[in-house]
Amino acid sequence: MSTTPATAANSSSNDAPEAILLELVDEHGTTIGTAEKLSAHQAPGQLHRAFSVFLFDEQGRLLLQRRALGKYHSPGVWSNTCCGHPYPGEAPFAAAARRTYEELGISPSLLAEAGTVRYNHPDPDSGLVEQEYNHLFVGLAQAPLRPDPEEVGETAFVTPKELADRHAEAPFSAWFMTVLEAARPAIKELTGPSGGW
């Protein structure tokens with residue numbers, strides 16, 4: 001199982017960041033408003049739209065990322081290939097492709113919808129809460145990675161066995177197993193029976 005540190009150059013400016021708005025939704029995923037990103041994650045959390053991406057290489061290995069230590073939410077933990085939030089009015093598919101490129105420097109191949117999952121996961125370390133209506137996507141990573149070190153600390157392609165070993169030894173995001181299990185039918189379809197997923 002290979003692990004690669006992120007070494008991409010920092011391209012952000014020193015300007016103060018603008019407030020990032022998330023799309024608030026009801027239990028059916030219908031948009032009901034917006035909220036500032038941090039406030040939506042403060043306990044007890046506001047239900048908002050999110051996405052999770054699972055990319056695989058041609059050997060059927062899953063691309064994981066370890067979140068950068070500077071991230072305000074769940075820093076330094078392993079998680080799926082990419083996750084985030086669409087801008088208000090942005091299609092989840094477009095947001096998933098955009099953020100995968102921004103974080104990892106690649107455009108996914110054969111990116112396909114893999115359903116949705118709703119969850120409520122408190123993060124004990126930060127005190128923040130993930131109340132999310134999450135759109136799932138699976139696809140292929142077929143280009144060299146160019147991770148943004150402000151977003152990604154490390155990357156690794158893992159087999160199911162290597163994932164199980166890493167999950168037993170290293171911290172993962174609170175939502176990882178929930179989104180993995182929800183996406184598993186589409187993952188099996190993408191990787192085939194030999195992938196072992």
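**Briefing: cores, a buried arginine and a kinked helix**

R66 sits in strand β5. The model is predicted. The points below cover R66, two nonpolar cores, helix α4 and some backbone details.

**R66 and its surroundings**

- R66 counts as buried because its relative accessible area is 17%, and the cut-off for buried is under 20%.
- The R66 side chain makes a polar contact with the side chain of E154, at 2.7 Å.
- Beyond its neighbours within four places in sequence, R66 is in contact with G76, V77 and W78. V152, G153 and E154 are also in contact with R66.

**Nonpolar cores**

- The largest nonpolar core holds 24 residues. Within this core, F54, L62, L64, L163, F176 and I187 touch the most other members.
- Strands β4 (48-56), β5 (62-67), β8 (109-122), β9 (129-140) and β10 (152-158) each supply at least two residues of this core, as does helix α4 (176-191).
- α4 gives the largest share of this core, with six residues.
- I187 touches F54, F56, V138, L180 and W197, leaving out residues up to four places away in sequence.
- A second core is separate and has 14 residues. Among them are L63, A96, V152 and F157.

**Helix α4**

- α4 has 16 residues, yet its end C-alpha atoms are only 19 Å apart. A straight helix would reach 22 Å at 1.5 Å a residue.
- Where is the kink in α4? It lies at R184, shortly before the proline P185, and is about 55°.
- The buried residues of α4 are F176, V179, L180, A183, R184, A186, I187 and T191. R184, the site of the kink, is thus one of the buried residues.
- Cover for the buried residues of α4 includes strands β4, β5, β6 (78-79), β8 and β9. Helix α3 (160-169) is also part of that cover.
- G192 comes just after α4 and takes a positive phi of about 80°.

**Other backbone details**

- A43 and P44 are joined by a cis peptide bond, with omega about 5°.
- P44 lies in the loop between α1 (37-41) and β4.
- L110 has a phi near 55°, a positive value in a residue other than glycine. Its place is in strand β8.
- Is L110 buried or exposed? L110 counts as exposed because its relative accessibility is 63%, and the cut-off for exposed is over 50%.

How values were computed:
Residues are numbered from 1 along each chain as its sequence is written. This is a predicted model: local features need pLDDT of at least 70, side-chain atom pairs count only at pLDDT 80 or more; totals for chains, interfaces and linings use all residues. Side-chain values use heavy atoms; hydrogens and water are left out. A nonpolar core is a set of buried Ala, Val, Leu, Ile, Met, Phe, Trp, Tyr and Cys residues joined through side-chain atoms within 4.5 Å. Buried means under 20% relative accessible area, exposed over 50%, partly exposed in between (1.4 Å probe, protein chains only). Helices (H or I, at least four residues) and strands (E, at least two) are DSSP runs, numbered from the N terminus. Contact means heavy atoms within 4.5 Å. A polar contact is a pair of N or O atoms within 3.5 Å; within protein, one must be able to donate a hydrogen and the other to accept it, and residues adjacent in sequence count only if both atoms are side-chain atoms. The expected span of a helix is 1.5 Å times one less than its number of residues. The bend at a residue is the angle between axes fitted to the seven residues ending there and the seven starting there.
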